[in-house]
Amino acid sequence: MKLDPFYLIVDSAEWIERLVPLGVKLVQLRIKDRPEPVLREEIRRAKAACAAAGCQLIINDYWRLAIDEGCDFIHLGQEDLMAADLAAIRRVGLKLGLSTHDPSELETALAAAPDYVALGPVWPTILKEMKWAPQGVERLADWRRRVGPMSLVAIGGITAERAPLVLENGAESAAVVTDITRNPDPEARTRQWLAATAPWRSVG
């Protein structure tokens, strides 16, 4: 499985409807603490927008809803992984991405045989408080050796200007949240990300 080098993460279907038509090919819907009917509606809207644009949609955390709504890719954090029914996830053919922050978490993730692992934070991030220090691009190269041919996603503090650094150091995809969603012109910034990651999109 090959991931697009530009991995957009947003917290609403509205963002997906707004940015995916610009050419985004990989997006995660990451919504926290909303009632189930709202989550279902968001997933349905996101799924429709992605289908129309030929974009891969990944659902964060809500694997049961993802199954119910006919999605095909989920992302889980380490705590979510512990509570998830991996057998049920595999039975319906859901692809799986997992977060990792240190070697023990990587070992746990690899035991689950995911389709990709994410390493973060590469740089300091303003999105949420992290108990882990920034990993740096050197750790990415180490993770690349450890995961072998598996897809590797870099996340945390990545900007359009920094994206080539992680892609040159072993990441297959660079994930972004605030560099786009908190930008004064998210559409223009999305186009800058598409341009910055274009050389890796055409490889292989």
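These legends go with four close-up views of a predicted model.

**View 1. Helix 6 packs alongside helix 7.** Here we zoom in on helix 6, residues 103–111, and helix 7, residues 136–147. Their axes come within 12 Å and cross at roughly 30 degrees. Angles under 35 degrees count as roughly parallel, so that is what we call helix 6 and helix 7. As for handedness, helix 6 goes past helix 7 in a right-handed crossing. On the helix 6 side, the contact is made by Pro103, Leu106 and Leu110. Helix 7 brings Arg139, Trp143, Arg146 and Val147 to that contact. Sort the contact residues by type and you get five nonpolar and two charged, with no polar ones.

**View 2. A cavity lined by residues from helix 2, strand 3 and elsewhere.** How many cavities of 30 Å³ or more does the structure hold? There is just one, and the largest cavity has a volume of about 30 Å³. Look around its walls and you'll find Leu29, Ile31, Leu39, Ile43, Ile59, Asn60 and Tyr62. Helix 2 (36–53) and strand 3 (56–60) each chip in at least two residues of this lining. By type, the lining of the largest cavity splits into six nonpolar residues and one polar, with no charged ones.

**View 3. A cis peptide bond at Gly120 and Pro121.** This close-up shows the bond that joins Gly120 to Pro121, which is cis, with omega at about -10 degrees. Where does Pro121 sit? Pro121 is in the loop that runs between strand 6 (116–119) and helix 7, and helix 7 is also one of the two helices in View 1.

**View 4. Asp33 and its positive phi.** Asp33 isn't a glycine, yet its phi is positive, at about 55 degrees. You'll spot Asp33 in the loop between strand 2 (26–29) and helix 2. Helix 2 turns up in View 2 as well, where it supplies at least two residues of the cavity lining.

Key
Residues are numbered from 1 along each chain as its sequence is written. This is a predicted model: local features need pLDDT of at least 70, side-chain atom pairs count only at pLDDT 80 or more; totals for chains, interfaces and linings use all residues. Side-chain values use heavy atoms; hydrogens and water are left out. Axes are lines fitted to C-alpha atoms, for helices over the stretch in contact, and angles run from 0 to 180 degrees between N-to-C directions. Helices (H or I, at least four residues) and strands (E, at least two) are DSSP runs, numbered from the N terminus. Angles under 35 degrees count as roughly parallel, over 145 as roughly antiparallel, 65 to 115 as roughly perpendicular and the rest as oblique. A crossing is left-handed if the near helix is turned anticlockwise from the far one by less than a right angle, and right-handed if clockwise. Contact means heavy atoms within 4.5 Å. Ala, Val, Leu, Ile, Met, Phe, Trp, Tyr, Cys and Pro count as nonpolar, Asp, Glu, Lys and Arg as charged, and the others, Gly among them, as polar. On a 1 Å grid over the protein atoms alone, a cavity is a set of points where a 1.4 Å probe fits but cannot get out, and a pocket is an open set with protein on both sides within 12 Å along at least five of seven lines; lining residues have an atom within 4 Å of a point. Grid points are joined across faces, edges and corners, and a volume is the space filled by probe spheres set on the points.
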